[in-house]
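Me: I have a protein model open on my screen and would like to talk it through with you. Could we take it one question at a time?

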Amino acid sequence: MDGLDRADADPAVRVVVLTGAGEKVFCAGGDLGQMAGDGGFLATHDGRRSYGKLLARFQEARKPTVARVNGHALAGGLGLVLACDLAVAVEGADFGTPEIDVGLFPMMMMALLQRHVGRKRALELVLTGDQLPAREALALGLVNRVVPASELDGAVAALAGKLAGKSQAVLALGRRAFFTAEDLPLPAALEFLASQLSLNVLADDAGEGVSAFLEKRPPKWNDR
């Protein structure tokens with residue numbers, strides 16, 4: 001969470017890329033050996049809530065986020081992939097929610113899974129604990145790209161470069177609108193998005209973008 005805070009505050013950062021250490025695992029979830037915690041029930045409960053706060057923090061970020069999925073993304077690790085705006089995965093990575101196999105349920109990350117796939121597929125994943133290969137995760141909409149390991153860095157850099165070349169002010173406005181509208185009924189979502197469009201057209205970068213289009217030149221963003 002601190003890393004996202006620093007990235008948001010740093011004007012030199014235009015895109016946040018999240019990846020795992022090593023070459024085999026992006027994130028395999030929480031440490032089962034620490035389930036009981038050392039500070040009592042309430043402290044342990046607050047610690048679990050911090051994971052939910054982290055997932056929500058990704059949506060509150062001003063900068064676009066990309067998951068560089070360098071290996072297996074399981075349990076809470078899959079939640080981190082889903083929390084990012086976009087995801088590029090390496091072939092050979094598995095995705096799933098195996099918690100049920102140890103008598104647990106993927107409670108918090110399930111809120112994001114429900115928003116990414118339909119009810120039947122989401123329930124199948126959390127009830128069976130089955131793991132999906134990267135290509136199936138792509139077909140299901142859990143990731144945006146699947147590439148060989150040798151192409152992972154290049155694919156992530158290309159995607160991040162596209163995002164970095166956009167107006168950061170408009171990206172921030174649009175991301176907030178996207179996530180807010182996601183949970184609204186359709187009439188309320190349309191009314192809200194109309195108000196956000198009115199804000200958007202007042203942005204300096206909206207004027208620059210339209211002028212650049214009409215003048216057939218690349219825009220020069222001021223990020224405001």
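Me: What is the volume of the second largest pocket?

Reply: Happy to start there, with the reminder that this is a predicted model. An open space counts as a pocket here when it has protein on both sides within 12 Å along at least five of seven lines. For the second largest pocket, the volume comes to about 300 Å³.

Me: Which residues lie nearest the centre of the second largest pocket?

Reply: The lining of this pocket is made up of 19 residues. Elements that give two or more residues to it are α3 (76–83), β5 (86–90), α4 (110–116) and α8 (168–182). Nearest the centre of the pocket lie C84, D85, H116, F178 and F179.

Me: Which element gives the largest share of the lining of that second largest pocket?

Reply: Let's go by the count of residues. Four residues of the lining come from one helix, and that is the largest share. The helix is α8.

Me: How many nonpolar residues are in the lining of the second largest pocket?

Reply: Sorting the lining by class gives four polar and four charged residues. The nonpolar class, which takes in Phe and Cys, has 11 residues in this lining.

Me: Is A75 buried or exposed?

Reply: A75 sits in the loop between β4 (72–74) and α3. Its phi is near 55°, a positive value in a residue other than glycine. Because its relative accessible area is 9% and the cut-off for burial is under 20%, A75 is buried.

Me: Which residues does E99 touch, not counting those up to four places away in sequence?

Reply: E99 lies in the loop between β6 (94–96) and α4. With a relative accessible area of 13%, E99 is buried. Setting aside residues up to four places away in sequence, E99 touches A75, G76, L104, F105 and P106.

Me: Is P218 buried or exposed?

Reply: P218 is found in the segment after α10 (204–214). Leaving aside neighbours within four places in sequence, P218 is in contact with E208 and A212. Its relative accessibility is 62%, and the cut-off for the outermost class is over 50%, so P218 counts as exposed.

Me: What separation do the C-alpha atoms of P218 and L55 have?

Reply: Along the chain, P218 and L55 are 163 residues apart. In space, their C-alpha atoms are separated by 35 Å.

Me: How does D223 count by its relative accessibility?

Reply: D223 also has a place in the segment after α10. Its phi is near 55°, again a positive value in a residue other than glycine. Since its relative accessibility is 30%, which falls between the 20% and 50% cut-offs, D223 counts as partly exposed.

Me: What is the radius of gyration of the protein chain?

Reply: The chain has 10 helices and eight strands, and its C-alpha trace spans about 60 × 40 × 35 Å along the principal axes. With 224 residues, a compact globule would have a radius of gyration near 17 Å. The value for this chain agrees with that, at 19 Å.

Me: What percentage of the contacts with a separation of 6 or more comes from residues 24 or more positions apart?

Reply: Some background on the whole chain first: buried residues make up 37% of the 224 residues. The accessible surface comes to about 12,600 Å², of which 60% belongs to carbon and sulfur atoms. As for contacts with a separation of 6 or more, the share from residues 24 or more positions apart is 67%.

How values were computed
Residues are numbered from 1 along each chain as its sequence is written. This is a predicted model: local features need pLDDT of at least 70, side-chain atom pairs count only at pLDDT 80 or more; totals for chains, interfaces and linings use all residues. Side-chain values use heavy atoms; hydrogens and water are left out. On a 1 Å grid over the protein atoms alone, a cavity is a set of points where a 1.4 Å probe fits but cannot get out, and a pocket is an open set with protein on both sides within 12 Å along at least five of seven lines; lining residues have an atom within 4 Å of a point. Grid points are joined across faces, edges and corners, and a volume is the space filled by probe spheres set on the points. Buried means under 20% relative accessible area, exposed over 50%, partly exposed in between (1.4 Å probe, protein chains only). Contact means heavy atoms within 4.5 Å. The radius of gyration is taken over C-alpha atoms; the globule rule is 2.2 Å times the number of residues to the power 0.38. Accessible areas come from the Shrake-Rupley method with a 1.4 Å probe; for residues, only the protein chains shown count as cover.
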